[in-house]
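Please open the model in your viewer and keep the sequence panel beside it. The stops below are given in the order in which they can be selected.

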Amino acid sequence: MTNTQTPPGGPWYKQPWLWLVLSVPIASVILSSIMVTVAVVGKDSLVSDNYYKDGMAINQTLEQDRLAMSLKIVPTITINDESIFVSIQAENMPTQAFLTLKLLHPTVSDKDIIIRLLPTADGFLGDLPSEISPSQLSGRRYMDLYGFDESWRIREEVYLPLKQHILKPS
């Protein structure tokens, strides 16, 4: 007959020091597998594949900003729960068929909102999409206002929510 003796503290899996020592490698394996999954599945919307095209676009956006300054366009943007109204003061701005307002999130492109503003008697009016929640209209954003042909642009960093804001050409 074989007689096996158990250690005085009980079997090996009931030893607290063993689990204390093993917890560090187990935790690092779990965390590293989570990090690898996030790195493989998640996409980075900040990285561009075409650096040359982006570099050439910088010159175009600078020209858009300069044209907005030369036209002395000063838009006042009013944001309600369901709509956005833009009134424009300008010395010699050409007639616009519509304006485009882009509310761009600094890091997550899925949170960008693009609104087409149609002319009214007093300015330009656009409806907020119904699927936008109030949480999507909060926090830091870049507010870009473009002419219908995108010949001029006014861009400013804002913190939403806001009721009324005057964009200043930079």
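The tour goes from the sheet to its strand pairs, then to the salt bridges, a loop and a surface patch.

Before selecting anything, note that this is a predicted model, in which local features need pLDDT of at least 70 and side-chain atom pairs count only at pLDDT 80 or more, while totals for chains, interfaces and linings use all residues. Residues are numbered from 1 along each chain as its sequence is written, and side-chain values use heavy atoms, with hydrogens and water left out.

**The sheet**

Begin by colouring the strands, which, like the helices, are DSSP runs numbered from the N terminus (H or I with at least four residues for helices, E with at least two for strands). Eight strands make up an open sheet in the order E7-E6-E3-E4-E5-E2-E1-E8, and their pairing is antiparallel; two strands count as paired if DSSP finds at least two bridges between them. Select next strand E7 (153–160) and strand E8 (164–166), which stand at the edges with a single partner strand each, so that one side of each is left without a neighbour in the sheet. On average, neighbouring strands of this sheet are turned by 25° against each other, direction ignored, where axes are lines fitted to C-alpha atoms (for helices over the stretch in contact) and angles run from 0 to 180 degrees between N-to-C directions.

**Strand E3 and its two partners**

Now select strand E3 (residues 99–104) together with strand E6 (residues 139–146), which pair in the antiparallel sense over five bridges. Within this pair, Lys102 has Asp144 in E6 as its bridge partner. Add strand E4 (residues 113–119), which runs antiparallel to E3 and is joined to it by five bridges; here Leu103 stands opposite Ile113 in E4.

Which residues is Thr100 in contact with, leaving aside its neighbours within four places in sequence? Thr100, which has its place in strand E3, is in contact with Ile114, Ile115, Asp144, Leu145 and Tyr146, contact meaning heavy atoms within 4.5 Å. With a relative accessible area of 9%, Thr100 is buried (buried means under 20% relative accessible area, exposed over 50%, and partly exposed in between, with a 1.4 Å probe and protein chains only).

**The E4–E5 hairpin**

Extend the selection to strand E5 (residues 124–127), which pairs with E4 in the antiparallel sense over two bridges. The two strands, E4 and E5, form a hairpin with four residues between them, and across the pair Leu118 stands opposite Leu125 in E5.

**Salt bridges**

Show the charged side chains next, since the structure holds four salt bridges, each defined as a side-chain nitrogen of Lys or Arg within 4 Å of a carboxyl oxygen of Asp or Glu. One of them joins Arg66 to Glu63, with the closest N and O atoms 2.8 Å apart; both residues lie in helix H2 (residues 51–71), three residues apart, which is about one turn of the helix. Glu63 is partly exposed, its relative accessible area being 46%.

Remain at helix H2 and select Asp65, whose side chain meets that of Arg153 in a salt bridge (2.9 Å, N to O). Because Arg153 lies in strand E7 and Asp65 in helix H2, the pair ties together parts that are 88 residues apart in sequence. Arg153 is buried at a relative accessible area of 9%, and Asp65 is buried at 13%.

Follow strand E7 to Glu157, which forms a salt bridge with Arg140, the closest N and O atoms being 2.5 Å apart. Glu157 lies in strand E7 and Arg140 in strand E6, so this pair ties together parts that are 17 residues apart in sequence. Glu157 counts as partly exposed at 34% relative accessibility, and Arg140 counts as partly exposed at 35%.

**A loop residue**

Is Asp81 buried or exposed? Asp81, in the loop between strand E1 (74–79) and strand E2 (83–89), counts as exposed at 70% relative accessibility. Leaving aside its neighbours within four places in sequence, Asp81 is in contact with Leu128 and Lys163, and a distance of 9.9 Å separates its C-alpha atom from that of Leu137, 56 residues apart along the chain.

**The nonpolar patch**

Finish with a surface view and select Trp12, Tyr13, Trp19, Leu22, Ile26, Ile30, Leu31, Ile34 and Val38, which form a nonpolar patch with about 950 Å² of accessible area together. Patches are made of residues with over 30% relative accessible area and no salt bridge, like charges being joined within 9 Å and nonpolar side chains (Val, Leu, Ile, Met, Phe, Trp, Tyr) within 5 Å; accessible areas come from the Shrake-Rupley method with a 1.4 Å probe, and for residues only the protein chains shown count as cover. Among the patch residues, Tyr13 lies in the segment before helix H1 (16–41) and counts as partly exposed at 46% relative accessibility.
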